[in-house]
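Reader: Could you take me through one buried charged residue in this chain and its surroundings? I would enjoy a close look at that single part.

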Amino acid sequence: MQARGYPAARAIGPARAPAQVSVILPVHDAEPWLDECLGSVLQQDFEGSMELSIFNDASKDKSMTIIEKWKKKLEGSGILVVIGGHESPSPRGVGYSKNQAVAQSSGSYLCFLDADDVMMPQRVRLQHEAALRHPKSIIGCQVTREPPNSTERYTRWINQLAPDQLLTQVFTSNGPTVIMPTWFCSRAWFAHVGPFDEGGRGVPEDLLFFYEHLRKGGGVVRVDQSLLLYRYHPGAATHSVLETTIWAHRVRFLEEQALPHWATFTIWNAGRQGRRLYRSLTAGSQRKVAAFCDVDENKIRKGFYCYEGSQERPKPRIPVLHFRAARPPFVICVKLDRADLSLFPQDLTGGAFEDNLRSLNLQEGRDFLHFS
């Protein structure tokens with residue numbers, strides 16, 4: 001969609017060969033960060049052809065003034081800048097803006113960037129190299145968080161997942177195991193999976209795309225260098241997505257992708273989060289729950305959890321066992337982090353909990369999945 005007041009996305013003139021990489025940049029009221037963001041595009045050490053595809057989603061600040069200033073600098077350095085956008089009273093949302101930026105771009109590979117983040121100079125080069133080796137994968141990278149202490153546990157999770165955990169931990173509350181502002185993939189694979197959901201504010205378009213990517217057999221690869229300064233601030237679009245919305249999508253994906261492979265399973269945590277998962281399952285999945293397990297003597301002593309909200313008669317009564325008496329596979333509803341020591345009994349947290357898992361010789365992905 002080309003709105004009044006914006007030039008055509010591609011100027012009329014001699015045909016130009018498609019770029020090797022298009023940097024995809026949706027913009028909405030990004031004035032405080034755009035100079036640093038666009039400067040990082042200029043500083044890339046990638047030696048192939050690059051373009052920057054910007055879609056301005058109804059910004060009301062000075063974002064366009066900054067973009068026009070940087071357009072001259074970037075094109076002077078050989079980076080084509082393609083600009084689209086609209087001036088409607090309200091923004092259409094991140095999913096719509098990303099789709100429009102992709103549609104007006106030409107690159108064989110797509111490098112996604114948020115307007116409040118900053119790329120390290122080697123980002124495009126290193127992720128392009130990885131994408132050539134993994135044509136059906138989303139390529140991510142490690143990040144540096146700004147401010148440094150804003151989301152310590154989440155940042156550790158992003159940066160420290162083992163290669164196999166990029167697939168086994170896709171059910172956690174943290175979202176995609178490589179975060180959206182670090183995504184890099186081929187245009188062909190994006191077209192096979194996408195586009196992004198355009199539902200607008202409150203829709204987790206990155207999570208929905210990531211799930212569809214996995215459904216279609218896509219891989220997940222991370223370049224183990226910090227290639228992005230990932231900024232945290234209250235106005236970030238991710239804060240508009242309700243936890244209940246994320247929860248519903250996660251439960252459905254768990255039921256679709258993991259639970260059909262298990263005849264029965266155990267929910268590890270008989271507390272609030274474990275019971276919430278049980279109540280959120282379909283009736284068919286609930287019938288697969290063989291037991292809850294825990295270390296809380298009060299829960300174990302009672303012996304069962306009765307689901308009072310069930311329409312079944314008699315109401316389901318699910319055994320509650322000590323974890324050593326329970327049988328895998330497990331869906332683990334416990335946060336695996338020492339920062340959460342106050343939330344759970346000591347044996348369920350930090351090193352003690354992880355030691356308990358290791359003592360049972362369980363294999364992640366086969367014998368247990370995280371739903372923390």
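Author: Happily! Asp-57 is buried, where buried means under 20% relative accessible area, exposed over 50% and partly exposed in between, with a 1.4 Å probe and protein chains only. Even so, Asp-57 has no salt bridge, a term for a side-chain nitrogen of Lys or Arg within 4 Å of a carboxyl oxygen of Asp or Glu. The nearest side chain of opposite charge is that of Arg-92, 6.5 Å away; Lys and Arg count here as positive and Asp and Glu as negative, while His and the chain ends are not counted.

Please keep in mind that this is a predicted model, in which local features need pLDDT of at least 70, side-chain atom pairs count only at pLDDT 80 or more, and totals for chains, interfaces and linings use all residues. Residues are numbered from 1 along each chain as its sequence is written, and side-chain values use heavy atoms, with hydrogens and water left out.

What Asp-57 does have is a polar contact of 3.3 Å between its side chain and that of Ser-97. Such a contact is a pair of N or O atoms within 3.5 Å; within protein, one must be able to donate a hydrogen and the other to accept it, and residues adjacent in sequence count only if both atoms are side-chain atoms. Beyond four places in sequence, Asp-57 is in contact (heavy atoms within 4.5 Å) with Val-27, His-28, His-86, Pro-91, Arg-92, Gly-93 and Ser-97.

Along the chain, Asp-57 belongs to strand β2, residues 50-57. Helices (H or I, at least four residues) and strands (E, at least two) are DSSP runs, numbered from the N terminus. Next comes Ala-58, in the loop between β2 and α2 (63-76). Ala-58 is not a glycine, yet its phi is positive, about 60°. Ala-58 is also buried, with a relative accessible area of 2%.

There is a similar case to look at in Asp-29, in the loop between β1 (21-27) and α1 (34-42). Asp-29, again not a glycine, has a positive phi of about 45°. With a relative accessible area of 28%, Asp-29 is partly exposed.

For the wider setting, the chain has 13 helices and 14 strands, and 54% of its 372 residues are buried. Residues 24 or more positions apart account for 78% of the contacts with a separation of 6 or more.
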